[in-house]
Amino acid sequence: MIPSLAAEFSAGHRAALSSGNPLIYVVPPAAWAVAPLFLQMGRGPGITLVIAPAEGLTDELGAALARLPEQRVVVASGLARTSRQLAALSDATVVATPTTALALAGRSGLPSDGVARTVLLWPELLTAADTAAVHSLLADLTKAQRILVTHDVEEAGDAIEQYAHRAPLLQAVPAPDAPLGGARVAIVGANRVQEAVRAALDALDPASAVLWDPAGDARWSLYRHDPTMSLADGPALDGVELAIAADLPTPDVFDALRGLAAETLVLARPWQAGYLRRLIEPAKPMRLAAEVDRARDRAASLRRSVEQRLESDEHFASLMALAPLFDRYDAARVAAAALETASAAGEPHGTGEEDLPTWVHLRIDSGRRHGLRPGDVVGALLNAAGIPRDHVGRVDLHDSFTLVQVRSPSGRQAIRGLEATHLRGRPVKVTHDAR
């Protein structure tokens, strides 16, 4: 049988959960991997606040928890909407990023006396800004039970010392001591997994492939050329060419995947890059071009074209022509209709080959020995430099320097933003790395 996550809660761990004492839970940074913890905790009374290090993770975690029995899950999105939802609930599991949770608490949408538990997920992945938000938030939630989830006790040492000092430790899935072997790796969003699987099958064209999907109803699916699909309970298969993990696998599952097929592909999330480097060596990056990427790039190009028109101040005549419509229709609808009309008339607005994403590599003169972490670099690019999330690619941390991928249009902005801030308390120099 294929190994799966099976965390065993001892009497001491169960006692810690039921008594309200702190607990440390060690699993890979994947939404599906924390399900046994929440299954053991059960529901209520009071609010369970789950603090996640990335927005994409909040949605994925909300979906994973909603599949558990007796769970009432609220994924914090808009502050007003989430506040209304919580006002009607006395017990629920609220999933939020640190800044969103802090904003909710600030507007009394998350009253401190109503929070019974806080679950801090993978603090080693937090940016400096998010770490500060967590500190401010937990300083007001002194009566709430604190549960800390990490994939590496050493990397989360500061958070453990601060929020879960001397707490019982449950090593559900310890991180591997050394990489287990090579595999292809593609970074995809949770909402793109099915599309990425289809793109991988098309690009690699295996005679047969097996899919491991911890979020799916069937954990193992077998694909063949016929082109029918059949399901299998386990690896009782011979001659499979490709094994695909739809999410970050545990070391045991990854080892089983490699033993099952000639080639392995892991579809990982952006926040799992650090763990992947501990699990896979060598990792062969795989770009899964898909229509959704092309559509996103065309949309970005369209927005840039419109922004250039707006800044040029050369649209007075068009405004006068459209002015009568503003009295009858919403301005946004008028703008959308005008764009669609221009497109139908054949006016180009960035839909050609030039819209395909290109990347530049930036070299930062700080690395592992300076205490730098991938999350620090990504956080600085998003917050200090103002780079869109989908313009930030792979971060490779080395001993004395760091390489980061940034989409070409944001390259200069990224350099200016990084050099205008401090990473781990020190200024940095950023240059282009030719590769």
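This section describes the overall composition of a predicted model and then selected strands, a helix and individual residues.

The chain of the predicted model contains 15 helices and 20 strands. Of its 435 residues, 45% are buried. Among contacts with a separation of 6 or more, 73% are made by residues 24 or more positions apart. The surface exposed by the chain amounts to about 21,800 Å², of which carbon and sulfur atoms supply 51%.

Strand β6, formed by residues 145-150, is mostly covered, with 6 of its 6 residues buried. The side chains of this strand fall into two sets: Q145, I147 and V149 point one way, whereas R146, L148 and T150 point the other way, and all are buried. Two parallel pairings involve β6. Strand β1 (residues 23-26) runs parallel to β6 and is joined to it by 4 bridges; within this pairing, V26 has T150 as its bridge partner. Strand β5 (residues 115-121) is likewise parallel to β6, and 5 bridges join the two. Here the bridge partner of L121 is V149. The connection from β5 to β6 includes helix α6 (residues 128-140), and the three elements make a right-handed β-α-β unit.

The loop between β5 and α6 contains W122. This residue is not a glycine, yet its phi is positive, at about 45 degrees. Most residues other than glycine have a negative phi, and most peptide bonds are trans. W122 counts as buried because its relative accessibility is 0%, below the 20% limit for that class. A further positive phi in a residue other than glycine occurs at R424, where the value is near 55 degrees. R424 is also a loop residue, placed between β18 (422-423) and β19 (426-427). With a relative accessible area of 42%, R424 is partly exposed, since that class lies between the 20% and 50% limits. The backbone of D205, just after helix α8, likewise takes a positive phi, of about 50 degrees.

Helix α8 itself comprises 12 residues, 193-204. The distance from its first C-alpha to its last is 16 Å, close to the 16 Å expected at 1.5 Å a residue. The buried residues of α8 are V193, A196, V197, A199, A200 and L201.

A cis peptide bond is found from E281 to P282, with omega near 0 degrees. P282 belongs to strand β14, which covers residues 280-285.

Strand β17 (residues 402-407) includes T402. T402 has a relative accessible area of 0% and is therefore buried, the limit being 20%. A polar atom of the T402 side chain lies 2.7 Å from the backbone oxygen of S366. When neighbours within four places in sequence are left aside, the residues in contact with T402 are L362, R363, I364, S366, G367, L372, V377, V395, D396 and L397. S366 thus appears both in the pair with the T402 side chain and among the contacts of T402.

Methods
Residues are numbered from 1 along each chain as its sequence is written. This is a predicted model: local features need pLDDT of at least 70, side-chain atom pairs count only at pLDDT 80 or more; totals for chains, interfaces and linings use all residues. Side-chain values use heavy atoms; hydrogens and water are left out. The expected span of a helix is 1.5 Å times one less than its number of residues. Buried means under 20% relative accessible area, exposed over 50%, partly exposed in between (1.4 Å probe, protein chains only). A polar contact is a pair of N or O atoms within 3.5 Å; within protein, one must be able to donate a hydrogen and the other to accept it, and residues adjacent in sequence count only if both atoms are side-chain atoms. Contact means heavy atoms within 4.5 Å. Two strands pair if DSSP finds at least two bridges between them. A crossover is right-handed if, with the strands pointing away from the viewer, the path from the first strand over the helix to the second runs clockwise. Accessible areas come from the Shrake-Rupley method with a 1.4 Å probe; for residues, only the protein chains shown count as cover.
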